[in-house]
Amino acid sequence: MLEEKRILEIMEKTGVLQEGHFLLSSGRHAEKYLQCAQVLQYPRCANELAEGIAELWQDEEVDVVIGPATGGIIVSYAVGQALGVRSLFSERKNDKMALRRGFKIRSDEKVLVVEDVVTTGGSVKEVLKLLEDTECKIVGISSLVDRSGGKSEFEYSFKPLISMEIQSYMPEKCPLCKENKPFTKPGS
């Protein structure tokens, strides 16, 4: 089993956990930010984390792993490889999550949904809706990081590799703004 200490070591080594003053996509501010794409540029580290996710599901039968574009694409591929199963990704078409590029999921397939970071769970819920429409069996959900600190709720089993709660503030209550520290907008 991949230990939390090792997960944090990988994230620190690859620059996933960043410190500073960040303007989040929600409009809130934070002193820490998780950029999981940083770890995905190192295949050995990404594979080690994916094997950790695969271990979480070793007692379940999984036929397909799927992740939402873009954060879940590499995670889906690496977890699929670790489990020895097919890997797909979904992407938005006309503002709705869809299977494109000829990807199909049969109603008899058992599917695991993966993501890099779960904050509100919005993208994962879109993938779940897509899968529910195919009537396949949804085995569960995993992510490299549950950034909600366990507050994301799903109708299916959710097993993140690690859970972290990162404090965020409304701009008017942000201690870093009060210190006049400039912010960056990550991901842009």
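Here are three short exercises on the strands and one helix of this predicted model.

**Exercise 1. Work out how strand S2 is paired, and which residues stand opposite each other.**

Step 1: Start with strand S1 (residues 17–23). Five bridges join S1 to S2 (residues 29–34), and the two run antiparallel.

Step 2: Pick out a pair. Gln 18 has Tyr 33 in S2 as its bridge partner.

Step 3: Look at the turn. The hairpin of S1 and S2 has five residues between the strands, and there Gly 27 takes a positive phi near 95 degrees.

Step 4: Now go to strand S9 (residues 168–169). Two bridges join S2 to S9, and this pair also runs antiparallel. Here His 29 stands opposite Tyr 169 in S9.

**Exercise 2. Find out which strands stand at the edges of the six-stranded open sheet, and what that leaves them without.**

Step 1: Write down the order, which is S5-S4-S3-S6-S7-S8, with mixed pairing.

Step 2: Check the ends. Strand S5 (96–98) and strand S8 (162–163) each have a single partner strand, so one side of each has no neighbour in the sheet.

**Exercise 3. Describe how S6 and S7 are joined, then say where helix H4 lies.**

Step 1: Take strand S6 (residues 110–118) and strand S7 (residues 137–146). Eight bridges join them, and they run parallel.

Step 2: Name one pair: the bridge partner of Lys 110 in S7 is Lys 137.

Step 3: Add helix H4 (residues 71–83). H4 lies across S6 and S7, as well as strand S3 (64–68) and strand S4 (86–93). Relative to S6, H4 runs at about 135 degrees.

Conventions
Residues are numbered from 1 along each chain as its sequence is written. This is a predicted model: local features need pLDDT of at least 70, side-chain atom pairs count only at pLDDT 80 or more; totals for chains, interfaces and linings use all residues. Side-chain values use heavy atoms; hydrogens and water are left out. Two strands pair if DSSP finds at least two bridges between them. Helices (H or I, at least four residues) and strands (E, at least two) are DSSP runs, numbered from the N terminus. Contact means heavy atoms within 4.5 Å. Axes are lines fitted to C-alpha atoms, for helices over the stretch in contact, and angles run from 0 to 180 degrees between N-to-C directions.
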